[in-house]
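Biologist: Got a minute to walk me through this model? I'd like to start with the pocket and then get into the strands.

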Amino acid sequence: MKRQACLICIGLSGLCSPVHAQLDASRLWLNAGFYSAHFDTDQGLRNANPGLGFEYALNDTWSVTAGRFRNSNNANSNYAGAYYQPWRMGNVKLGVVAGFFNGYPNAFDGGWFPALIPTASLERGHWGLNVAWVPPLDNRLYGAVSFQVKYRWRAD
């Protein structure tokens, strides 16, 4: 547990760099986990994945993220990563999130593993929505479309 918390803190340490010595509250998002619509509906997977996470926009293209949630296998998972979303379609940003996850019993004995996940984000005012396509991974992870509602106290 201490190692996991340490990794998440390291992932967020970029927020304290000289470039971002002062946090801008309008760039900080809070989320309450995910809702996952699984492709394999007969596996008894948990669709509601409550948790607590944060996302901080470094600029219009890059964001860092970290959090903890109850995963589809009903176990606790942690994540830390970065969004890269250079493309736009109206109000929707498109790109990927690259990061590390843990807590999936069938994937790497529940340990940390890397992931690269296509994402789309819609952000307006205080509310936002991240949509991710999670590809299946050979009997280790089940694929899903995952939805993450996010909120920020201070909008642009």
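**Pocket, barrel and confidence**

Modeller: Sure. This is a predicted model, and in it strand 1 (28-38), strand 3 (62-70), strand 4 (76-89), strand 5 (92-101), strand 6 (113-124), strand 7 (127-134) and strand 8 (144-151) each give at least two residues to the lining of the largest pocket.

Biologist: Which strand supplies the largest share of that lining?

Modeller: Strand 6, with six residues.

Biologist: And how much space lies in the largest pocket?

Modeller: About 530 Å³. The lining has 34 residues, and the closest to the pocket centre are Phe69, Phe101, Tyr104, Ile117 and Val134.

Biologist: How does the lining divide into nonpolar, polar and charged residues?

Modeller: There are 22 nonpolar and twelve polar residues, and no charged ones.

Biologist: OK, on to the fold. In what order do the strands close into a barrel?

Modeller: Eight strands do it, in the order 1-2-3-4-5-6-7-8, with antiparallel pairing. From one strand to the next, the twist averages 30°.

Biologist: Remind me, what do strands of a sheet pair through?

Modeller: Backbone hydrogen bonds, and the pairing can be parallel or antiparallel.

Biologist: Let's go round, then. How many bridges pair strand 1 with strand 2?

Modeller: Seven, in the antiparallel sense. One pair to look at is asparagine 31, whose bridge partner in strand 2 is glycine 53.

Biologist: What about strand 1 and strand 8, how many bridges join them?

Modeller: Six, and those two strands run antiparallel. Alanine 37 stands opposite valine 145 of strand 8 there.

Biologist: Next, strand 2 and strand 3. What joins them?

Modeller: A hairpin, through four residues. Strand 2 covers residues 48-57, and seven bridges tie it to strand 3, running antiparallel.

Biologist: Which residue in strand 3 does glutamate 55 stand opposite?

Modeller: Threonine 65. Looking towards strand 4, threonine 65 also stands opposite glycine 81.

Biologist: How many bridges join strand 3 to strand 4?

Modeller: Nine, again antiparallel. Besides the threonine 65 pair, serine 63 has tyrosine 83 as its bridge partner in strand 4, and phenylalanine 69 stands opposite serine 77. That phenylalanine is the Phe69 I listed among the residues closest to the pocket centre.

Biologist: And the turn between strand 3 and strand 4, which residue there has a positive phi?

Modeller: Asparagine 74, at about 65°. The two strands form a hairpin with five residues between them.

Biologist: How many residues sit between strand 4 and strand 5 in their hairpin?

Modeller: Two, and glycine 90 in that turn has a positive phi of about 65°. Nine bridges join strand 4 to strand 5, which run antiparallel.

Biologist: Back to tyrosine 83 for a second. What's its bridge partner in strand 5?

Modeller: Valine 97. So you can follow a line across here: serine 63 pairs with tyrosine 83, and tyrosine 83 pairs with valine 97.

Biologist: Changing topic: what's the average pLDDT for the chain?

Modeller: It's 87, and 86% of the residues score at least 70.

Biologist: Where is confidence lowest, and where is it highest?

Modeller: Lowest in helix 1, residues 2-12, with a mean of 49, and highest in strand 3, at 98. Over residues 4-10 the pLDDT is below 50, and that stretch has nine contacts in the model beyond near neighbours in sequence. Residues 15-20 are also below 50, with eight contacts beyond near neighbours in sequence.

Methods: Residues are numbered from 1 along each chain as its sequence is written. This is a predicted model: local features need pLDDT of at least 70, side-chain atom pairs count only at pLDDT 80 or more; totals for chains, interfaces and linings use all residues. Side-chain values use heavy atoms; hydrogens and water are left out. On a 1 Å grid over the protein atoms alone, a cavity is a set of points where a 1.4 Å probe fits but cannot get out, and a pocket is an open set with protein on both sides within 12 Å along at least five of seven lines; lining residues have an atom within 4 Å of a point. Grid points are joined across faces, edges and corners, and a volume is the space filled by probe spheres set on the points. Ala, Val, Leu, Ile, Met, Phe, Trp, Tyr, Cys and Pro count as nonpolar, Asp, Glu, Lys and Arg as charged, and the others, Gly among them, as polar. Two strands pair if DSSP finds at least two bridges between them. Axes are lines fitted to C-alpha atoms, for helices over the stretch in contact, and angles run from 0 to 180 degrees between N-to-C directions. pLDDT is the predictor's confidence in each residue, from 0 to 100. Contact means heavy atoms within 4.5 Å.
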